[in-house]
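Morning, everyone. I have a short walk through one model today. Please keep the view open as I talk.

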Amino acid sequence: MDVLLSIKPKFANAIFSGTKQFEFRRAIFKDKAIKKVYVYASKPIGLVIGEFEIEEVISEDPDSLWNITKGASGISKEYFDEYFKGRLIAYAIKVSAVREYSKPATLMELFNINRPPQSFMYVDLNPLEIANNSDAPERSQVIGEISSLSAFGKQER
């Protein structure tokens, strides 16, 4: 099982460009065994544009979390403070092994769902996609081979 995160396009792009090495969250998934995140770039893109591995999840008070992550946060201190305003605990997912898909895919194609999560959702790849690409050595390759709306996704990002 993996996690699907809805991420604003500008932050998703920053993750894939390497300028944002932490994904900040007010709430985090409870399953600590999760190691892979699929990135759903929210509207106007509305596609799964890539994935990354979770190096670690950091849980701290907001001031401590900023001190730990500020060098690779990809966001301003002002944005960070506003996002975590009133929170006692803040979370940062340390991003590693980033893979941006050459052909972004719809939620239906990958996970057989038609609505993105508000924050996150536990997911497994659509079994039909795995069956149709059984010779692929790993799931990320399966995703990279899916053809769908790639021109739309690339132009909007």
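I'll cover two pockets and then one residue.

A word of caution up front: this model is predicted.

Start with the largest pocket. Its volume is about 330 Å³. Sixteen residues line this pocket, and the closest to its centre are Ser6, Glu23, Phe24, Arg25 and Tyr83. Where does the lining come from? Strand E1, residues 2-7, gives at least two residues. So do strand E2, at 22-25, and helix H3, at 77-83. The largest share is from E2, with three residues. And the chemistry is mixed: seven nonpolar residues, four polar and five charged.

Next, the second largest pocket. Here the volume is about 160 Å³. Which strand supplies the largest share of this lining? That is E4, residues 47-60, with five residues. The full lining is Ile28, Phe29, Asp31, Lys32, Ile34, Lys35, Ile54, Glu55, Glu56, Val57, Ser59 and Tyr91. By class, that makes six nonpolar, one polar and five charged.

Last stop, Thr69. Find this residue in helix H2, which covers residues 62-69. Is Thr69 buried or exposed? The relative accessible area of Thr69 is 1%. The cut-off for buried is under 20%, so Thr69 counts as buried. What does Thr69 touch, leaving out residues up to four places away in sequence? The contacts are Phe22, Phe24, Ile58 and Ala92. Phe24 came up earlier, among the residues closest to the centre of the largest pocket.

That's the tour. Questions are welcome.

Technical notes:
Residues numbered from 1 in each chain as written. Predicted model: local features only at pLDDT ≥ 70, side-chain atom pairs only at ≥ 80, totals over all residues. Heavy atoms only, no water. 1 Å grid on protein atoms, 1.4 Å probe; cavity = no way out; pocket = protein on both sides within 12 Å on 5 of 7 lines; lining within 4 Å. Points joined across faces, edges and corners; volume = space filled by probe spheres on them. Helix = DSSP H or I, 4+ residues; strand = E, 2+ residues; numbered from the N terminus. Nonpolar A, V, L, I, M, F, W, Y, C, P; charged D, E, K, R; others polar. Buried < 20%, exposed > 50% of the residue type's maximum accessible area, 1.4 Å probe, protein only. Contact = heavy atoms within 4.5 Å.
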